[in-house]
Amino acid sequence: MIRALQAEGLLDPARKIVAGPEVTIPVRARGDLAALAQRVGARLVPDAEAPAREGRVAPRERVVALLRGRLEDRLLAQVPDKWEQHGDVLVLRMPDALLPAGREVAQAFAEVLGLKTVLHDPAGVAGELREMRAVPLLGDDPVALHVENGVRYRFDASRIMFSSGNLAERMRVAALPVEGETIVDMFAGIGYFTLPLAVHARPARIHALEKNPLSHRYLVENVALNGVAHVVEPWLGDNREFPREGIADRVLMGYFPRTQDFLPKALALLNPPGGTLHYHNTAHAESWKEEMEGQVRAACSAAGGTCEVADARVVKTHSPGVVHAVVEVRVKAGGSGGAAP
Ligand SMILES: C[S@@+](CC[C@H](N)C(=O)[O-])C[C@H]1O[C@@H](n2cnc3c(N)ncnc32)[C@H](O)[C@@H]1O
C-alpha cells in the first residue's frame, strides 16, 4: 500500500506512519483521495495524528536535489513525480524536454531508489495483448522481480505491464474463500491473480490461460518460482479456444475493454450447476454498476441461466469519467430460462 501511494506521489513523506489497531498512513491532499480510500477499504481521517518526520525528504525531491546545478530549473520542474517501481527496475515516462539529459536523470533516480535499470515508457501499454516498448535510460537488464504479499513476479518490465493500481484487487483475490475449487483465469498475464490465489487461497486447480507468448513464458516461470506447479496449469492461446468447458467453480475475467465479448465462453467454462464469475470491464463512472450488471444478465439469459450479483466495486479510475470495475456474479445454469430481475 505504501509503495503504491508513493508511486502515485500521494504519500506524505514529511509525517510518520503510525501503527496501532489501525495503521495511519499520512497522504497528501488530492481531489481523488475519497475514491481511492473507498477502493482500498481505507478510512479517510482529515486530522489524523501523524507526527512530523524530521529530516526526511521525498524521493523526487532527493532526485531534484542531486540534479540541482546540473540542469536548468525549468527542466528540474519536469522531473517525473509518478513511476512504477518493481524491485530494482523503474519504469517512468520522461518528458521530451528531459530526454537529452535522460541518462543523468535516470542515474539520480537510481542513486535515490537503489536501482539497476531505469526504463522510459513513451507510449504505455497498447492492444489486446497489453504490449509495451519501454527503452532503457540506464542499465541493460529489464527483467524485474516484484515481490508483493508474499508472491514473486518475474517479468520483462520493458515489454510487460504491472499495474500498481490493481494492488487492492490482487490482495482481495488472495483472501477469497476458494479452498478446493477449480478456477479458470481467462486472462492470466504473468500470474497477476493466479499467483496470489495459488499461494494463499488453497484452490484445487487453476487453469491459467494467456494469449501473449512472452507473458505466458513468464507465467510458467513464476508458477515454478512460487512453488505452485502442482496447482496451476498454464495454457497458451486465445481463451475462447481453450478446449475444455463445464469444469470451473469460478472464472476470473481480468481484462477490458469489451469484456462482454468473452462472457459466452466464461459461462460455458462454469460447472453445469453454475459458479462464480469475476467480471471486469471499463464503464462510465456514474453508471458502471448498471451497465456491467446489464451485460452479465444479458449473457446469462442468452445462455438460459440466471445470475445474482454478489459484490461490485471500482478497481481504479481508468480515464476521465471512466472507471475500471469488477462485478462478482453467482450464476445458475439452466432452470428458469431467463435472468433474475
Ligand atoms: C490486462 S492483463 C491483466 C492485468 C492484471 N489483471 C493486473 O492486475 O495488472 C490481461 C492479459 O490478458 C491477455 N489476453 C488478452 N486477450 C486474451 C485472450 N483472448 N485469451 C487469453 N489471454 C488474453 C493479455 O495478453 C494480458 O496479458
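At what angle do the axes of helix H3 (residues 59–67) and helix H5 (residues 102–113) cross? In this predicted model, the two axes cross at roughly 130 degrees and come within 9 Å of each other. Angles over 145 degrees count as roughly antiparallel and 65 to 115 as roughly perpendicular, with the rest, apart from those under 35, being oblique. H3 and H5 are therefore oblique to each other. The crossing of H3 past H5 is right-handed.

The residues that make this contact are listed by helix below.

| Helix | Residues in the contact |
|---|---|
| H3 (residues 59–67) | Pro 59, Arg 62, Val 63, Leu 66, Leu 67 |
| H5 (residues 102–113) | Glu 104, Val 105, Ala 108, Phe 109, Glu 111, Val 112, Leu 113 |

By class, the contact of H3 with H5 has nine nonpolar residues, three charged ones and no polar ones.

The next topic is the division of the chain. The protein chain is split into domain 1 (59–141) and domain 2 (164–332). Taken over C-alpha atoms, the centres of domain 1 and domain 2 are 33 Å apart.

Where does the ligand lie with respect to domain 1 and domain 2? Both domains give residues to the shell around the ligand, so the ligand lies between them. There are 17 residues around the ligand, and those that come nearest are Asn 166, Phe 187, Gly 189, Lys 211 and Gly 254. The shell around the ligand divides into seven polar, five nonpolar and five charged residues.

Definitions and conventions. Residues numbered from 1 in each chain as written. Predicted model: local features only at pLDDT ≥ 70, side-chain atom pairs only at ≥ 80, totals over all residues. Axes fitted to C-alpha atoms, helices over the stretch in contact; angles between N-to-C directions. Helix = DSSP H or I, 4+ residues; strand = E, 2+ residues; numbered from the N terminus. Left-handed = near helix turned anticlockwise from the far one by under 90°. Contact = placed C-beta atoms within 7 Å. Nonpolar A, V, L, I, M, F, W, Y, C, P; charged D, E, K, R; others polar. Near = placed C-beta within 6 Å. Domains from an automatic or database assignment.
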